[in-house]
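Q: Please give me a close look at a single chain of this entry. I would like its division into parts first, and then its contact with a neighbouring chain.

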Amino acid sequence: MRRLINLRPSRQGTFFLGALPFAIVLVIYFVFSSLRLAENPADKLMPAFSTMGEAIVRVAAEPEQRSGTIVLWADTGASLVRLALGLGIATAIGLVFGILNGLIVYARVTLAPFVGVLSMVPPMALLPILFIMLGLEETSKVALIVIGVAPYLMRDLALRVEELPGEQLVKAQTLGASTWVIVARVVLPQILPRLIDGLRLSLGPAWLFLIAAEAIASTEGLGYRIFLMRRYMAMDVILPYVAWITFLAAISDWVLVQISRRAFGWAHLGRGA
Amino acid sequence: MATLRVENLWMEYGAQTVLERVNLDVADGAFCALVGASGCGKSTFLRLLLSQERPTRGTILMDGQPLPQDPGPDRGVVFQRYSVFPHLNAVQNVALALEIARAPGLGRLFGKARRAALSEAEVMLADVGLGHACGHYPAELSGGMQQRLAIAQALARKPRILLLDEPFGALDPGTRTQMHGLISRLWRETGMTVFMVTHDIREAFALGTRVLVFDKTRHDPQAPGAYGATITYDLPVDRSTSKVPSASEEKSAP
Amino acid sequence: MAELRKKIARTLRVGLVAVAALGVALAGGPAEAATKTSFKVAWTIYAGWMPWGYAVDQGIVKKWADKYGISIDMVQMNDYIESINQYTAGSLDGVLAANMDALTIPAVGGVDTTSLINGDFSNGNDGILMKTGKTVADLKGAKVNLVELSVSHYLLARALESASLSERDVKTVNTSDADFIAAYGTGDVQAMVAWNPALSDLKTRKDANLVFDSSKIPGEIIDIAIVNTATLKDNPALGKALVGAWFEVLSIMQKNDAAGIAARTAMAKASGTDLAGYESQLATTRMFYTPAEAVAFTKSPQLPETMKRVRDFSFSHGLLGNGAKSADVVGMEFPGGVVVGDPKNIKLRFDLTFVEMAAAGKL
């Protein structure tokens with residue numbers, strides 16, 4: 001009898017075991033959905049897979065009567081643009097201030113306490129203020145993502161910069177590098193993989209902030225649609241939308257990992273010199 | 001390539017004195033091995049020579065001029081670890097020194113100039129026995145190979161003084177012997193002035209033309225930090241009699 | 001901020017409703033109801049529903065429940081739509097809703113629902129404000145902030161209709177009701193459909209012109225108490241107790257004596273305003289203070305007409321569900337056997353049995 005800790009599944013076994021929880025959830029849903037539908041064929045709460053399929057076709061393939069757009073793609077486009085803008089701006093801010101705070105002592109003593117306090121502000125609490133200051137349109141939605149994500153990236157990247165061995169910075173100076181050259185050739189390339197890690201961890205909060213902002217005032221977007229559908233409990237649309245958002249989040253995560261592997265292969269070699 | 005003069009140097013951290021009354025005259029092309037017990041201030045002395053720190057009192061003159069306030073290309077350095085850049089492969093690590101020398105503003109060369117720097121760097125790597133590992137990243141190199149790379153990179157800017165901070169301390173004995181051969185040859189070929197911190201007395205006598213021993217001459221049992229170390233022995237070594245591995249031995253695979 | 005935290009929690013809850021439903025499905029929801037003795041009914045803060053809170057606090061609900069040998073757990077929920085969704089999912093036996101929501105959520109969701117009491121209709125509680133425009137016609141080309149697919153949306157459609165405009169002539173922006181006031185303060189808002197208490201706050205602004213309100217379409221936005229039809233059929237005691245309690249509270253609060261003022265003051269406080277504020281909201285809420293008034297309103301031929309309008313609006317906005325081929329998919333039944341929509345699929349019933357018993361003094 002071998003010990004449990006030494007047992008390893010085969011390739012197929014690994015795939016099967018990985019798929020099992022998904023299958024169980026689907027089966028449970030199917031069972032309870034069928035039970036409810038047997039009692040009430042118009043049940044809104046747990047629609048049948050076929051009903052969801054029809055809803056998906058309706059939102060993903062047929063133009064909506066009133067606006068003439070195909071809502072799923074319009075919503076996805078609007079949300080992804082907001083997300084990309086928010087994360088892009090947050091990344092730029094995070095990089096600039098992360099490097100400044102991590103590398104330049106004068107910047108650190110000036111900015112670090114402020115950034116520290118700023119990152120403690122719950123971004124959701126700022127939302128009404130954002131709406132009043134920046135209006136109800138795109139700016140405030142993007143700003144919420146930036147405010148929610150940038151302080152974390154700033155602090156994370158500053159820590160990464162501080163973690164760079166002091167020997168490297170001295171070595172670069174003995175090669176004649178100016179502060180700017182050290183930033184451009186030593187610090188920046190080494191924290192880019194950490195930036196991608198930080199971005200991956202920020203994807204979750206970014207989606208949360210996006211959906212919260214879209215729930216308050218908008219005309220399109222994935223969060224907007226979910227909150228609108230909730231108005232009449234259209235779970236046949238809401239559930240596929242939730243699955244779609246999950247899929248988009250997983251894809252973005254995968255893309256970031258691939259970028260990191262391809263562009264920063266050295267960072268995946270294990271401990272550097 | 002450079003003379004160095006240290007006059008009445010003191011280094012204090014608050015109430016703790018690390019170095020006191022250090023006086024030293026080093027001739028052009030000397031190989032000084034710095035030895036002493038742990039915490040005796042020999043590494044501090046090296047950091048002062050690097051301008052990584054500034055002395056509390058006293059002056060350091062290089063070729064009669066006060067040392068610049070920042071580290072610079074006149075003084076190269078090899079640390080025990082973290083001397084090379086993990087995001088650049090071997091040839092890029094060495095070429096970086098050339099790129100900075102030739103394009104101080106951007107720190108980056110393009111096109112032809114870049115290719116020229118890369119092929120020069122390949123030659124330099126071949127010279128330290130890394131010709132076969134140009135495309136490897138530091139994480140893919142053994143400890144000895146990483147130090148060869150660090151030395152090639154430090155020498156790329158032809159420093160007048162080379163500072164070595166326990167460069168071979170983390171290597172196994174066989175590799176260490178090969179590195180001794182390498183550094184001796186490079187020292188002889190370039191004529192640089194070398195300062196090497198080591199805790200290995202035999203290494204100090206094998207490589208150095210002078211062995212400088214750091215130690216405290218005064219002790220206060222009530223306040224161990226009250227007095228600092230100074231150079232207690234300054235021993236000249238006759239390199240012609242010391243045993244240094246031959247050039248053929250040095251280049252065998254580490 | 002509590003308001004915002006609630007919003008995040010709501011996002012999560014949409015998912016949690018599904019999980020909760022598992023439990024309900026396991027335990028057997030009220031759809032398979034039989035005689036039972038304890039019931040759960042939810043209410044939310046709204047001018048016309050504050051009497052329920054007072055009835056609970058004063059033990060009036062308990063008194064009537066005791067009289068018919070049952071217990072009624074009357075809970076206040078913070079989120080209106082959430083309470084309707086919970087009712088539709090089966091975790092509540094009854095809830096307070098607007099007529100349109102009662103049709104588009106539980107009835108369309110196959111939950112056979114009975115309107116026990118037509119409590120009031122909005123008579124100015126919902127309104128359309130414009131910053132620069134003065135009339136409904138000025139809405140043409142404007143951006144309108146509102147809670148989409150709510151009675152506000154219906155009000156907007158009716159307003160546009162009155163000026164021979166259609167929804168294509170405006171651009172709607174879905175806006176959370178919690179943020180009406182903050183949103184109106186931003187430069188992005190040109191027009192807004194809001195309801196009380198936010199509406200009366202906004203009306204005091206210099207840049208707010210009321211171009212339309214629900215008093216122009218009296219009797220179309222109705223607030224009703226709904227219960228699960230099967231539960232009510234098996235347990236008439238629930239209907240008797242709720243109707244009895246309701247008209248007892250109304251008879252107290254309607255008077256201008258000390259007890260009446262005390263009741264209205266308590267309701268004002270519970271809804272976060274003062275007596276004057278609450279009375280101004282009551283002024284734009286047409287309450288049916290006596291059973292006779294409620295009976296007269298429910299029996300009038302206007303009610304089926306109104307519900308037909310509401311249903312057509314809902315159909316054109318996709319609120320009758322995925323498979324709805326026509327506006328007639330769901331049937332609605334009115335006193336006197338009047339049916340609108342599919343008579344084989346009646347899911348919303350305006351029932352007068354219990355209110356008539358109250359009118360006859362038989363409760």
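A: What follows deals with the domains of chain B and then with the contact between chains A and B. The model is predicted: local features need pLDDT of at least 70 and side-chain atom pairs count only at pLDDT 80 or more, while totals for chains, interfaces and linings use all residues. Residues are numbered from 1 along each chain as its sequence is written, with chains lettered from A and ligands numbered from 1 in the order in which they are written.

In chain B, the domain assignment (bounds from an automatic or database assignment) gives domain 1 as 1-74 + 160-254 and domain 2 as 85-158. Taken over C-alpha atoms, the centres of domain 1 and domain 2 of chain B are 26 Å apart. Domain 1 of chain B puts 15 residues into the contact and domain 2 of chain B puts in 12 residues, two residues being in contact if their C-beta atoms, placed from the backbone, lie within 7 Å. On the domain 1 side, helix α5 (residues 173-190) of chain B supplies the largest share, 7 residues; helices (H or I, at least four residues) and strands (E, at least two) are DSSP runs, numbered from the N terminus. That side of domain 1 of chain B divides into 11 nonpolar, 3 polar and 1 charged residues. Here Ala, Val, Leu, Ile, Met, Phe, Trp, Tyr, Cys and Pro count as nonpolar, Asp, Glu, Lys and Arg as charged, and the others, Gly among them, as polar.

Toward chain A, chain B contributes 30 residues, against 23 residues from chain A. On the chain A side, the elements giving two or more residues are α7 (166-174) and α8 (179-216) of chain A. The residues of chain A that touch chain B divide into 11 nonpolar, 8 polar and 4 charged.
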